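Here are a few friendly notes to read with the structure open beside you. Take them one at a time and find each residue as you go.

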Amino acid sequence: MARSAERGRTRVALLGTTGSIGRQALDVLAGLGDAFEVVAMAAGRDAERFAAQVAAVRPRAVTLADHDALTRLELPAGTVADGSDEALVAFATRDDVDLVLVATGGVISLRPVLAALAAGKIVATANKETLVAGGHLVMPLARARSAEVATRAGAGDPMASPLAWLRPIDSEHSAIWQCLVGESMADVARLILTASGGPFRNLPAERLVSVTPADALAHPVWRMGAKVTIDSATLMNKGLEVVEARWLYDCDYDRIDVVVHPQSVIHSAVEFVDGSVKAQLGLPDMRLPIQYALTYPRRLSSRAPRLSLADLSALEFGRPDVERFPALRVAREAALQGPRATATLIAADEVAVRRFLDGSLDFPGVARLVGAAVEHFGAAGDREPGLEALLELDLEVRTWCATASVAGAA
Ligand SMILES: NC(=O)c1ccc[n+]([C@@H]2O[C@H](COP(=O)([O-])OP(=O)(O)OC[C@H]3O[C@@H](n4cnc5c(N)ncnc54)[C@H](OP(=O)(O)O)[C@@H]3O)[C@@H](O)[C@H]2O)c1
């Protein structure tokens, strides 16, 4: 792991400190003590929470997307505010940063992630857009970093793997990563992503049209930010994770399966060519995958609660129902079209979820709107857009989706 030689610490830039993942990341980092130092912190608009975090952590540099609120922040001695539009890129590439932990939503962190990898920093990401929209840009950089290590230190070095440079925090991808340590992708028959099935797993199709945002936000297992919770209810989240898995593990889509597992104890699994299946288990708590992404290749004691197998009464499994939850099918179809379509998918989904939450779209309308956007934008133009074209596409798709009417508009 990259560490500052003089201090023996891993120095972290944390993007998105105030959200669900960001708060848990700070908790994990506090539990890891002196081995880590948070050097730079960024958040969006929650200035009150951010101010309390900054006072507790005392980083060297901070930024808020809300620049006015940033100027009003009372900062500890030694902390500097960066109110520029390039602050995230600047934080991700600072000389005194070894690892960038990405806990923002949306494509806002795509540019900083690319800059960080190009500058030789480790990236640990919970953010899905980084891979769903930009996997074709991000993974070559992670592969280049790992190839350099392989040349210098040998293929057995823990950093001689793209996953050591682009570390997944999503619990499913962390699980697969942990299952693959010491294995070769050539020996993998398929990756098995588990899905909780969300709050409507057993609801008849005709009742899905009248579910409310409050119903959809009441996830039976996970406590997460609103966007990912709604994605979990539509199963779009699993579709996005299929795309993430394709990039992280360089695996064909037909070798990535989804299995519904309501207890979310098995976070995902890998089936090998000999029929053996390895799975990673744990209680549904994001602190564990966050910590693994920070401490890889080591394991350190954790604050997360422990799983007791003896106390588990039953683990259930089933196939996803793509008739009731078509978002998974929409995502897979976009995936087969390539990066332009998946960038459209994730941008459209963000707007569709917002429209569901503000009442201008009903629940089935989310998948319909996203499907319509993929149809409208997915095939036109360059199938593998560069960064600037991707960011333009993201804006274009969001603008279109904000007013597009599809059957299912409330
Ligand atoms: N939550 C989970 O358990 C979970 C699990 C797996 C994957 N993920 C993924 O992880 C990512 C984050 O999820 P989340 O649930 O933590 O989201 P969230 O609670 O909505 O948090 C998003 C964070 O991004 C910050 N942010 C927004 N715009 C920003 C900007 N321009 N510059 C800097 N920071 C900005 C927000 O700041 P303010 O709050 O201050 O506006 C907040 O700190 C998503 O991609 C999600 O899909 C989440």
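1. The shell around the ligand holds 10 nonpolar, 10 polar and 5 charged residues. Here Ala, Val, Leu, Ile, Met, Phe, Trp, Tyr, Cys and Pro count as nonpolar, Asp, Glu, Lys and Arg as charged, and the others, Gly among them, as polar. Keep in mind that this is a predicted model, where local features need pLDDT of at least 70 and side-chain atom pairs pLDDT 80 or more, while totals for chains, interfaces and linings use all residues. Residues are numbered from 1 along each chain as its sequence is written, and side-chain values use heavy atoms, leaving out hydrogens and water.

2. Which residues come nearest to the ligand? Of the 25 around it (a heavy atom within 4 Å), they are Thr-18, Gly-19, Arg-45, Asp-46 and Asp-170.

3. Now look at the backbone. A backbone N or O atom of Asp-46 sits 2.8 Å from a ligand oxygen atom. For Lys-128, a backbone N or O atom is 3.4 Å from an oxygen atom of the ligand, and a polar backbone atom of Ala-126 is also 3.4 Å from a ligand oxygen. Of the 900 Å² of accessible area that the ligand has on its own (Shrake-Rupley method, 1.4 Å probe), the protein covers 80%.

4. Next, please find Ser-161, Pro-162, Leu-163, Leu-180 and Glu-183. Among the 24 residues lining the second largest pocket, these lie nearest its centre. By class, the lining has 16 nonpolar, 4 polar and 4 charged residues.

How values were computed. 1 Å grid on protein atoms, 1.4 Å probe; cavity = no way out; pocket = protein on both sides within 12 Å on 5 of 7 lines; lining within 4 Å. Polar contact = N/O pair within 3.5 Å; in protein donor to acceptor, adjacent residues only side chain to side chain.
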